[in-house]
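Work through the exercises below with the coordinates loaded. Each task is followed by a solution in steps.

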Amino acid sequence: MNSPDLPSSDESTVICSAKGCRAAAVWVLAWNNPKLHTPDRRKTWLACDEHREHLSQFLGLRGFLKDVVTLEEWEASAR
Ligand SMILES: [Zn+2]
């Protein structure tokens, strides 16, 4: 998709999941909501350096957070 509003359409760039943030993500937050997901299911949020703490705190408070790894590590383990 070519969107004129976006500065780059580089598909290898993954963006932070924080609201309004367009920084490149370097962290993967793996989480699971036991009310919605089976225990081995992992949802992921991406985070830049700046938002890693904020997002992991949000998930941690709810007891959803399972793992925080660098994007590099995550991709290495997923493939
Ligand atoms: Zn961010």
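The exercises go from the overall layout to the sheet, the core and single residues; the model is a predicted one.

**Exercise 1. Layout of the chain**

Task: State how many helices and strands the protein chain has, and in what order the elements run.

Solution.
- Step 1. The protein chain has 2 helices and 3 strands.
- Step 2. Read from the N terminus, the order of the elements is β-β-α-β-α.
- Step 3. Of the 79 residues in the protein chain, 19% are buried.
- Step 4. Among contacts with a separation of 6 or more, 56% join residues 24 or more positions apart.

**Exercise 2. Topology of the sheet**

Task: Determine the strand order of the sheet, and say which strands stand at the edges.

Solution.
- Step 1. Strand 1 (27-31) and strand 2 (43-47) are paired antiparallel through 5 bridges. One bridge pair here is Leu29 with Trp45 of strand 2.
- Step 2. Strand 1 is also joined to strand 3 (residues 65-70) by 5 bridges, again antiparallel. Here Val28 has Val69 of strand 3 as its bridge partner.
- Step 3. The result is an open sheet of 3 strands in the order 2-1-3, with antiparallel pairing.
- Step 4. Strand 2 and strand 3 are the edge strands; each has a single partner strand, so one side of each has no neighbour in the sheet.
- Step 5. From one strand to the next, the twist averages 20°.
- Step 6. Helix 2 packs on this sheet and touches strand 1 and strand 3. The direction of helix 2 makes about 105° with that of strand 3.

**Exercise 3. The nonpolar core**

Task: Find which strand gives the largest share of the largest nonpolar core, and decide whether strand 1 is largely enclosed or left open.

Solution.
- Step 1. The largest nonpolar core has 13 residues. Those with the most contacts inside this core are Ala25, Trp27, Val28, Leu29, Trp45, Leu46 and Ala47.
- Step 2. Strand 1 and strand 2 each supply at least two residues of the core. The largest share, 4 residues, comes from strand 1.
- Step 3. In strand 1, 4 of the 5 residues are buried, so the strand is largely enclosed by the rest of the structure.
- Step 4. As a general background, nonpolar side chains in soluble globular proteins tend to be buried together.
- Step 5. Take Ala25 as a sample member of the core. Leaving out residues up to four places away in sequence, Ala25 touches Val14, Ile15, Cys16, Leu46, Ala47, Cys48 and Leu71.

**Exercise 4. Two residues classified**

Task: Classify Val69 and Glu72 as buried, partly exposed or exposed, and place each in its element.

Solution.
- Step 1. A residue is buried with 20 or more other C-beta atoms within 10 Å of its own, and exposed with 12 or fewer.
- Step 2. Val69 belongs to strand 3. There are 15 other C-beta atoms within 10 Å, so Val69 is partly exposed.
- Step 3. Beyond its neighbours within four places in sequence, Val69 is in contact with Val28 and Trp74. Leu29 is 40 residues from Val69 in sequence, while their C-alpha atoms are 6.7 Å apart.
- Step 4. Glu72 lies in helix 2 (residues 71-78). Glu72 has 11 C-beta neighbours inside 10 Å and therefore counts as exposed.
- Step 5. Glu72 and Trp27 are separated by 45 residues in sequence and by 8.3 Å between C-alpha atoms.

Conventions: Residues numbered from 1 in each chain as written. Predicted model: local features only at pLDDT ≥ 70, side-chain atom pairs only at ≥ 80, totals over all residues. Contact = placed C-beta atoms within 7 Å. Core = buried A, V, L, I, M, F, W, Y, C linked by C-beta atoms within 7 Å. Pairing = 2+ DSSP bridges. Axes fitted to C-alpha atoms, helices over the stretch in contact; angles between N-to-C directions.
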